[in-house]
Amino acid sequence: MKGGGVGGGGGGGGGKRRWKVLVIGVLVLVILSMLVPLAFLLGLHNSFHSPGIVTLQPSSPFERSRINATKHSQRDLSNRVDQVLQKINPVLPKKIDINVVPRDMNRTSISDSKNRGLPVSPAVVANPSHVNKTKTEVSHKGVQGETVNADETQRTCQVKYGSYCLWREENKEPMKDAKVKHMKDLLFVARAYYPSIAKMPSQSKLTRDMKQNIQEFERILIVSSADADLPPQVDKKFEKMEAVISKAKSFPVDCNNVDKKLRQILDLTEDEATFHMKQSVFLYQLAVHTMPKSLHCLSMRLTVEYFKSGSVDVEDNEKFSDPSLLHFVIISDNILASSVVINSTVLHARESKNFVFHVLTNEQNYFAMKQWFIRNPSKQAAIQVLNIEKLELDNSDVKLSLPAEFRVSFLSGDNLASQGKRTHYLSLFSQSHYLLPKIFHKLKKVVILDHDVVVQRDLSPLWELDMEGKVNGAVKECSVRLGQLKSLKGESFDANACLWMSGLNVIDLARWRELGVSETYQKFYKQMGGGGESREAIALQASLLTFQDKVYTLDDKWALSGLGYDYYINTQTIKNAATLHYNGNMKPWLELGIPQYKTYWRKHLNREDRFLSDCNVNP
């Protein structure tokens, strides 16, 4: 009995142990069944990626959906997607930051996605395109005023249309018809899809809705050219049209028909853009080469005033022909421009009583110019106004011709990769300049100032220069050389010679007459006249060849050119220059003038004259 009792006790003990093991096993399974879902809900599984799930960008949409379906529950996935979308949702800032921010947003989104273990979409990982980089650099250039080599588009445009492109960027205005243009785009798309939808019998309601929306947009666009003309409820019409187009896109349509329609729209848009570009360039050139209405009014009012008041101009003929005085010659048909040149020169002179100014103008502006300087004398300096058309010269048919300006564009850089376009404006003597030795036959030396010049230093030392037998003292533009001008042909010249500029020129009239410079110019001009080239091109070649080896080089500080086309001249360089030359299209008296350079010109203008306010002259 004992044995049986013992055996029975051992069997009972083994049964209890087996029962305990089963209970523990069941408890472990229960606990695991609770912990595993909890671990997935908490996102701890992201720390245990297997080698097959390391890729941030699945190779196909199918694999991406399979991984997401395996790894996440529906609710967890939607929450995470919302979080990612909130982080990468582009909020575009204003102006220059528009091209810089997406790069930082992409970097942030990628790092956040890696930390969270989420797949990253290709759009977020993609690097910014070259176009975006170029736009960013251009924006920084406009703000900081630094020259950026990557801005090839702007350079090409400047070569083709001159400084118009720079002026357009400077004077950009906010769009007033953004919504109107958006309406046109939606209308084009709806018209492209409408023929295909109309062929579907089952989509008669959609066809009616599309037709109704198209007609409503057409009615609105007939009477609306700007956003201010749109009706109050236009936003709801936008929503309806977008909903209709979205629904139309969900149906299989005739792609050939849609493609053909959209290509027609593209061609029309390109033609319209080209037309507006040419039109704007034409209007820009028209504004540059025509006299503003206010200046024409000023000339007419002064002319009437001259005859009405019976003004008597007491001229000191002895001063005008005294070779011991300092004589300046200005060739101009612009009253304000001539006045600024004289005022700025006298203001900075040590002894203005020795200064004599000779203003050569045409018959139309002669009396207005005389009346202006009678009303606005310039300290002790003497001013003589001459009508070049009434002077007794050998050539009876003499017309006033202003200094000629030529736009020169050429490649810069040694390597093809670094080559870019450079544009300069060359200012040279006109036909009227070659008459000066005869007009001022008693004078030995004069200084010629163009009417687009502002003087900032005393110019008296120019008469003390030893010009070493040269005729023309001028600042040379060595960024452009004679060999780079393709129009020069048929004559021997130094290809490496720098081009000289008008604006500030010291002329030795005695040496001029001795060498027969005017006769040499006329000879070159007649020789080149039979090639079918324009008069301006012939004058350019004749002037450069006439003064070859006859130019005395002045120090660069005497004259600074480029203020009529170059936006990026250093401020300190401007302050150090003796004279500022506004060569180029953007003259300071025009609305097109470069704003930051107009200040140097305006401060020498007499704004107190009542005719300026009467004619609304506000340069």
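Here is a quick tour of the pockets, cavities, surface patch and salt bridges in this structure.

The model is predicted, so local features need pLDDT of at least 70 and side-chain atom pairs count only at pLDDT 80 or more, while totals for chains, interfaces and linings use all residues. Residues are numbered from 1 along each chain as its sequence is written, and side-chain values use heavy atoms, with hydrogens and water left out.

Let's start with the open and closed spaces. On a 1 Å grid over the protein atoms alone, a cavity is a set of points where a 1.4 Å probe fits but cannot get out; a pocket is an open set with protein on both sides within 12 Å along at least five of seven lines, and lining residues have an atom within 4 Å of a point. Volumes are the space filled by probe spheres set on the points, joined across faces, edges and corners.

| Space | Volume | Nonpolar lining | Polar lining | Charged lining |
|---|---|---|---|---|
| Largest pocket | about 1400 Å³ | 19 residues | 16 residues | 13 residues |
| Largest cavity | about 50 Å³ | 5 residues | 3 residues | 1 residue |

In those classes, Ala, Val, Leu, Ile, Met, Phe, Trp, Tyr, Cys and Pro are nonpolar, Asp, Glu, Lys and Arg are charged, and the others, Gly among them, are polar.

The largest pocket has 48 lining residues, with Ser401, Leu402, Pro403, Ala404 and Ser430 nearest its centre. Domain 1 (160-289) and domain 2 (293-615) both contribute to that lining, so the pocket lies between them; the bounds come from an automatic or database domain assignment.

As for closed spaces, there are 2 cavities of 30 Å³ or more. Residues lining the largest cavity include Met291, Asp333 and Asn365. Helix H13 (293-309) and helix H15 (335-347) each give two or more residues to this lining, with H13 giving the largest share, 3 residues. Helices here are DSSP runs (H or I, at least four residues), numbered from the N terminus.

Now for charges. The model has 14 salt bridges (a side-chain nitrogen of Lys or Arg within 4 Å of a carboxyl oxygen of Asp or Glu). One of them joins Lys205 and Asp209 at 3.2 Å, N to O. Both lie in helix H10 (residues 204-223), 4 residues apart, about one turn of the helix.
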